[in-house]
Amino acid sequence: MVDANGDLVVGGADGPLPAVLIVCQAFPPANHTGARRPYHLAKALRDAGHRTSVLTMDLKGTDPWAADLEGIEVLRLPMTRMPRGLGPLQRLLAHAFWSWEGKASHAVVRTLAFLFLPLDLASRMDLDEEVVERRLGRSPIVVATGPCWSMLEFGHRLAKRWHAVYLPDHRDPWNVWNPEVGLRTVTWYGSGLSGWLKRRHMEALERRFTANAHGFTFATHGLMENAKRVIAGRPAQVVMNGADPGPAGEVTAHGHLRVVHTGRLYHEQEWNIVIGALDRLHRASPGRPPRLLVELWGARTEDEQLLEALRACGERTGLLRIMGRAGREETLALQRSADLLLHVAFKGKRGIVPIKFLEYMRSGRPIIQAGSGQDELGAMLAETRTGRVAGDATVLADMLAQACGNKEAGEAIAHEPLEDKLTELDWENRMLAWVKFIRDIFAARTDPAWKRP
């Protein structure tokens, strides 16, 4: 439905959709965090009676995710080191990129490859449009989502070829216009002339590969605000990630207080609060250290200084341990059996809502967020009564000491979440808005009054 100015009015489109193709980097059985969002969209579309297909990478890995794929047609394409359509000079550059790894000159080659070769060369799907058409047919609706930005390129190309409705989805910021949404690991392109060239190049690619978009979806309001320069007045919808509800695991009545953190560690997180709190607890009782253990599961990071600081804290206090990687089911079990769950806020950041945080909220266990600022995650904890915020090391040390006392006395840690608020976080409920948005955009496209991009 459109108004007198030819702009989309959301609402009222309830009819059946034609085929929908989702282009994504990862999809079950790949046990990859990036597979969660596209899988639950595909499941919601299928459950609503729409023909749903998925184009994704053929990712190999351990600990497969046994997701329900019945009724979802999936085409998995291999990755390639030599993308299709490269000219002679580009092929030479690609060859140098792969063969010069580890050499001093590789940094220069990486920059040249970034600027003059296709997106995501180190992890690029081998897209053949004719193969996709033969296997999946032509879809009148194409949805493309990250984390690899080449997924949006492929969605753009297929939608343009088929004259289809194209709906790119941002689960991360492609380019950072608002520093509050940027993370060094995800969006840092370097400094100096090289960094400036890379940023300008990526800005041009984002505009190019979303030029034919009929509407956009974003994982948070902060991401949508950040992308306003690219949206250019086109319809946009925030569809937040979700979590699967599950029963809380068994928690031992006595013994050590188990504080669990799962997932990646980021440069911008306020780990100084955690380290400071553990040092305070250690110094406060040198003869009888608190019966407390903070477990960091799957603690991967590009920030070696941060990892070393955490290791040193563990050796110094005996209160922190860096654990190995855990699979999806094991991670959920760890979250649901902990005494407390630890989340560490991103200093000076907004618009970042990790899937892990939503899993915490649906785990049935109380959460402590270490963070000095006011952000939407702290507000979500307060609104759902699922946890508390420790603004500095002293407050966090006091919270942990009190929880240790409760544990030793065999008392439950206070936790009275509002279940009606938590059900809004469920993947099934989150995806209803996305399916409706797709319906609305497709319905509007058939209206000649709409200003098409």
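# Exercises on cavities, salt bridges and backbone

The count comes to 2 cavities of 30 Å³ or more, a cavity being a set of points on a 1 Å grid over the protein atoms alone where a 1.4 Å probe fits but cannot get out, while a pocket is an open set with protein on both sides within 12 Å along at least five of seven lines, and lining residues have an atom within 4 Å of a point. This is a predicted model, in which local features need pLDDT of at least 70 and side-chain atom pairs count only at pLDDT 80 or more, whereas totals for chains, interfaces and linings use all residues. Residues are numbered from 1 along each chain as its sequence is written, and side-chain values use heavy atoms, with hydrogens and water left out.

## Exercise 1

Describe the largest cavity by its volume, the residues closest to its centre and the elements that supply its lining.

Step 1. The largest cavity holds about 90 Å³ of space, where a volume is the space filled by probe spheres set on grid points joined across faces, edges and corners.

Step 2. Its lining is made of 13 residues, of which Ala243, Asp244, Leu332, Arg336 and Glu359 are the closest to the centre.

Step 3. Two or more lining residues come from each of α12 (328-337) and α13 (355-361), helices (H or I, at least four residues) and strands (E, at least two) being DSSP runs numbered from the N terminus. The largest share, 4 residues, belongs to α12.

Step 4. In character, the lining of the largest cavity divides into 4 nonpolar, 3 polar and 6 charged residues, with Ala, Val, Leu, Ile, Met, Phe, Trp, Tyr, Cys and Pro taken as nonpolar, Asp, Glu, Lys and Arg as charged, and the others, Gly among them, as polar.

## Exercise 2

State which residues line the second largest cavity and how they divide by character.

Step 1. About 40 Å³ of space lies in the second largest cavity, and its lining consists of Phe346, Lys349, Arg350, Ile352, Asp375, Glu376 and Leu377.

Step 2. These lining residues comprise 3 nonpolar and 4 charged ones, with no polar residue.

## Exercise 3

Work out which helix gives the largest share of the lining of the second largest pocket, and which residues lie closest to the centre of that pocket.

Step 1. The second largest pocket has about 350 Å³ of space; among its 20 lining residues, Lys43, Ala44, Asp47, Trp427 and Glu428 are the closest to the centre.

Step 2. At least two lining residues are supplied by α1 (36-47), and at least two by α17 (427-445). The largest share is that of α17, with 7 residues.

Step 3. The lining of the second largest pocket contains 11 nonpolar, 1 polar and 8 charged residues.

## Exercise 4

Starting from Arg46, trace the network of salt bridges and decide whether Arg46 is buried or exposed.

Step 1. The model has 26 salt bridges, each a side-chain nitrogen of Lys or Arg within 4 Å of a carboxyl oxygen of Asp or Glu.

Step 2. Arg46 pairs with Asp47, their closest N and O atoms being 3.0 Å apart, and also with Asp68, where the corresponding distance is 3.2 Å. The second of these pairs links distant parts of the chain, since Arg46 is in helix α1 and Asp68 is 22 residues away in the loop between β2 (52-57) and β3 (72-77).

Step 3. Together with Lys43, the residues Arg46, Asp47 and Asp68 are linked in a network of salt bridges.

Step 4. Arg46 counts as buried because its relative accessible area is 16%, buried meaning under 20%, exposed over 50% and partly exposed in between (1.4 Å probe, protein chains only). Its partners Asp47, at 49%, and Asp68, at 36%, are partly exposed.

## Exercise 5

Locate the cis peptide bonds that precede Pro29 and Pro147, and place the positive phi values of Ala232 and Arg385 in the chain.

Step 1. Most residues other than glycine have a negative phi, and most peptide bonds are trans.

Step 2. The bond from Pro28 to Pro29 is cis, with omega near 15°, and Pro29 lies in the loop between β1 (20-23) and α1. Gly146 and Pro147 are also joined by a cis peptide bond, with omega about 15°; Pro147 belongs to the loop between β6 (141-145) and α5 (150-162).

Step 3. Ala232, although not a glycine, has a positive phi of about 55°, and its place is the loop between α9 (228-231) and β9 (236-238). At 59% relative accessibility, Ala232 is exposed.

Step 4. Arg385 likewise has a positive phi of about 55° without being a glycine, in the loop between α14 (376-384) and β15 (387-390). With 44% relative accessibility, Arg385 is partly exposed.
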